[in-house]
Amino acid sequence: MLDVYFEKHVDHSKVIKDRRLYIDQPERINFIYSIDGIPEDETGSYQEASNRALKHFLMRLNRFPLFVTFGGDLINENIEPFFQKENLLYTKIQPDKSSPYYSLQLNDTSKLERLLDETYWYAAENNFYFLSFTNLLTFERRMVKGWFFKREQIVPVIHVTKEMSFITMEHDFMGYYLFSNEACFDTEDKVKAFLPKGEGIDYYD
């Protein structure tokens, strides 16, 4: 059983602020949807259910190359042997003395599935986790505000282009957000066409 919660967001600035995203030209984003995987019972994991929903979406979409970048707190070099074992080409980015970011280009569904299963828990720990169909990220120095501080820091910046889509994770990876200005995602029905279908799958709007 896989339950999926689906929502189209109208207040784009609130979503961007809540997710603490640094976006160049956010006004060029036309659509934001959230898709949450819901466990079938109270003993299930929202993170595992959301990972299943994300994998279903990306595999039905079957659009490559796909660029995956994740990093921040709790990321360390222990992930590199997995990349090497799976023959995944990766770039390590360490813009300052903090934990590194890793960027990968994936070209098939099997490697995508293995990567998500191995790394989605980083998103569940609220680390930066980002997917896009073109390379939209740069690392730039920006003013970062926290609960008790305000300082300059090098952060990932998303550059919105004329036709693009990207995916970020909800808090604790309780689901994910799809941001887009592409015609293939300009209606809710078009997005839902790529979501999992079949017996045992229910949708809540």
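Asn126 counts as partly exposed in this predicted model, because its relative accessibility is 37%. The residue sits in the loop that links helix 4 to strand 7. Its backbone is worth a look as well: phi of Asn126 is near 65°, a positive value in a residue other than glycine. Asn126 also belongs to the lining of the largest pocket, where it is one of the residues that lie nearest the centre.

A second residue with a positive phi invites a side-by-side reading. Phe173, again a residue other than glycine, has phi near 50°. This residue is found in the loop between strand 10 and strand 11 (176-180). Phe173 has 1% relative accessibility and therefore counts as buried, whereas Asn126, at 37%, is partly exposed. A further backbone feature appears at Pro65: the peptide bond that joins Phe64 to Pro65 is cis, with omega near 5°. Pro65 lies in the loop between helix 2 (46-61) and strand 4.

Helix 4 comes before the loop that holds Asn126. This helix covers residues 109-124, 16 residues in total, and spans 22 Å from its first C-alpha to its last, close to the 22 Å expected at 1.5 Å a residue. There is nevertheless a bend of about 45° in helix 4, located at Glu118. Several side chains of helix 4 are buried, among them Leu112, Leu115, Leu116 and Thr119. Tyr120, Tyr122, Ala123 and Ala124 of helix 4 are buried too. As a reminder for reading such a list, an α-helix has 3.6 residues a turn, so residues three or four places apart point the same way.

The largest pocket, to which Asn126 contributes, has a volume of about 1,300 Å³. Its lining is made up of 37 residues, and Arg19, Arg20, Tyr22 and Val144 join Asn126 as those nearest the centre. By class, 17 of the lining residues are nonpolar, 10 are polar and 10 are charged. Helix 1 (12-18), strand 7 (128-132), strand 8, strand 9 and strand 10 (165-169) each provide at least two residues of this lining. Strand 9 gives the most, with six residues.

Strand 9 also takes part in an open sheet of three strands, arranged in the order 2-9-8 with mixed pairing. The edges of this sheet are strand 2 (23-24) and strand 8 (137-145), each of which pairs on one side only. Strands of a sheet pair through backbone hydrogen bonds, either parallel or antiparallel. Here, strand 8 and strand 9 (residues 150-159) run antiparallel and are joined by nine bridges. Within this pairing, Arg141 has Ile154 of strand 9 as its bridge partner, and Thr138 stands opposite Val157 in strand 9. Strand 2, by contrast, pairs with strand 9 in the parallel sense, over two bridges. Ile23 stands opposite Ile158 in strand 9.

The second largest pocket has a volume of about 200 Å³. This pocket is lined by 14 residues, with Leu89, Leu104, Gln105, Leu106 and Asn107 nearest its centre. Both strand 5 (90-93) and strand 6 (101-106) supply at least two residues of the lining, and strand 6 gives the most, with four. Six of the lining residues of the second largest pocket are nonpolar, six are polar and two are charged.

Turning from pockets to enclosed space, the structure holds one cavity of 30 Å³ or more. The elements that give two or more residues to the lining of the largest cavity are strand 4 (66-71) and strand 7. About 30 Å³ of space lies in this cavity. Its lining consists of Phe67, Val68, Thr69, Ser103, Phe130, Ser132, Asn135, Leu136 and Leu137. Strand 4 accounts for the largest share of the cavity lining, with three residues. By class, the cavity lining divides into five nonpolar residues, four polar residues and no charged ones.

Notes. Residues are numbered from 1 along each chain as its sequence is written. This is a predicted model: local features need pLDDT of at least 70, side-chain atom pairs count only at pLDDT 80 or more; totals for chains, interfaces and linings use all residues. Side-chain values use heavy atoms; hydrogens and water are left out. Two strands pair if DSSP finds at least two bridges between them. On a 1 Å grid over the protein atoms alone, a cavity is a set of points where a 1.4 Å probe fits but cannot get out, and a pocket is an open set with protein on both sides within 12 Å along at least five of seven lines; lining residues have an atom within 4 Å of a point. Grid points are joined across faces, edges and corners, and a volume is the space filled by probe spheres set on the points. Ala, Val, Leu, Ile, Met, Phe, Trp, Tyr, Cys and Pro count as nonpolar, Asp, Glu, Lys and Arg as charged, and the others, Gly among them, as polar. The expected span of a helix is 1.5 Å times one less than its number of residues. The bend at a residue is the angle between axes fitted to the seven residues ending there and the seven starting there. Buried means under 20% relative accessible area, exposed over 50%, partly exposed in between (1.4 Å probe, protein chains only).
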